[in-house]
Amino acid sequence: GTVGIADSAFESTELRTVKLPSSLRIIGISAFSDTYLTTVSIPAGVTTIGTGAFSQSDYLKSVTVADSNKNYSSQNGVLYNKNKTVIMQYPPAKTDKTFSIPSTVTVIDSVAFTDAKKLTSVTFPSSLKSLGEGAFGRASALTSVKFGANVKYIGAFAAAMNGVDAIVFTAGLGENHVIVRQRVCESLKYL
């Protein structure tokens, strides 16, 4: 049976349904990006899913993963690595307006929330440390973002939102240090 699906194999096609075989091990980068899929079920044997494998698919409502998969998991249709420390794909057609990222998450993969046009509010846990490039690209309804204290990288996120209206310093990150706040904000004038 099929063991791998190449990078961009079905990208920008009119693919509407797919039944991934149990023999499948690898799903390439952008393999199903920009398709008409509404749901995807990841088989137990998949060991590798490339970045953006299901991104930009405006009709995708849910990604499920076989419980016995040793590398990936899903919760409420959202794709994670097995331990839920990395969010890999928030389905663009998911209808929820708000999303609280689980406290186990430390990384949001590149393009994970791209085109999540119904999402208006996201709350990040204090465990979050990194947002991948374009993680929230074209998430045009997003109006409220609440970061935890440990985020170290938000530059590409701010740019994807076409700027920032406010920056709130909490949990010691400049909260009590005027000079730290000034220096951070000086380098962000372009926003």
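This report walks through the fold, the cores, a cavity and a few serines and a threonine in a predicted model.

## Ground rules

Residues are numbered from 1 along each chain as its sequence is written, and side-chain values use heavy atoms, with hydrogens and water left out. Since we're looking at a predicted model, local features need pLDDT of at least 70 and side-chain atom pairs count only at pLDDT 80 or more, while totals for chains, interfaces and linings use all residues.

## The overall picture

The protein has two helices and 13 strands. Those are DSSP runs numbered from the N terminus: H or I with at least four residues for helices, E with at least two for strands. Of the 191 residues, 41% are buried. Here, buried is under 20% relative accessible area, exposed is over 50%, and partly exposed sits in between (1.4 Å probe, protein chains only).

As for contacts (heavy atoms within 4.5 Å), take the ones between residues at least 6 apart in sequence: 24% of them join residues at least 24 apart.

## A three-stranded sheet and a hairpin

One open sheet has three strands in the order E1-E2-E4, with parallel pairing. Two strands pair if DSSP finds at least two bridges between them. Strand E1 (4-5) and E4 are the edge strands, each pairing on one side only. E2 (residues 26-27) and E4 are held in register by two bridges in the parallel sense, and isoleucine 27 stands opposite isoleucine 49 in E4.

Then there's a hairpin, where E6 (residues 72-75) and E7 (residues 78-81) run antiparallel and share four bridges. Tyrosine 72 faces asparagine 81 of E7 across the pair. Two residues lie between the strands, and asparagine 76 in this hairpin takes a positive phi near 50°. For background, most residues other than glycine have a negative phi.

## Two nonpolar cores

What does the largest nonpolar core contain? It has 21 residues, and those with the most contacts inside it are Leu20, Ile27, Phe32, Ile42, Ile49, Phe54 and Leu79. A nonpolar core, by the way, is a set of buried Ala, Val, Leu, Ile, Met, Phe, Trp, Tyr and Cys residues joined through side-chain atoms within 4.5 Å. Strands E3 (39-42), E5 (62-65) and E8 (86-89) each chip in at least two residues of this core. A second, separate core has 20 residues, including Val105, Phe113, Ala139 and Leu142.

Isoleucine 49 is a handy residue to click on. Leaving out residues up to four places away in sequence, isoleucine 49 touches Ile27, Ile42, Phe54, Tyr72, Leu79 and Met88.

## One small gap

How many cavities of 30 Å³ or more does the structure hold? There is one, with a volume of about 40 Å³ for the largest cavity. On a 1 Å grid over the protein atoms alone, a cavity is a set of points where a 1.4 Å probe fits but cannot get out, and lining residues have an atom within 4 Å of a point. Grid points are joined across faces, edges and corners, and the volume is the space filled by probe spheres set on the points.

The lining is made of Ile49, Gly50, Thr51, Gly52, Ala53, Phe54, Leu79, Met88, Gln89 and Asp109. That splits into five nonpolar residues, four polar and one charged. In this count Ala, Val, Leu, Ile, Met, Phe, Trp, Tyr, Cys and Pro are nonpolar, Asp, Glu, Lys and Arg are charged, and the others, Gly among them, are polar.

## Loop residues worth a look

Is serine 55 buried or exposed? Serine 55 is buried, at 3% relative accessible area, and is located in the loop between strand E4 (48-49) and E5. Beyond residues up to four places away in sequence, serine 55 touches Ser33, Asp34, Gln89 and Val111.

Serine 30 sits in the loop between E2 and E3 and has a positive phi near 55°. Serine 30 also counts as buried, because its relative accessible area is 16%. Setting aside residues up to four places away in sequence, serine 30 touches Ser8, Glu11, Thr51, Gly52 and Ala53.

The loop between E1 and E2 holds serine 12 and threonine 13. Serine 12 has a positive phi near 60° and is partly exposed at 49%. Threonine 13 is partly exposed too, at 28%. Outside its neighbours within four places in sequence, threonine 13 contacts Asp34, Thr35 and Tyr36. The C-alpha atoms of threonine 13 and phenylalanine 32 are 8.3 Å apart, though the two lie 19 residues apart along the chain.

How values were computed. 1 Å grid on protein atoms, 1.4 Å probe; cavity = no way out; pocket = protein on both sides within 12 Å on 5 of 7 lines; lining within 4 Å.
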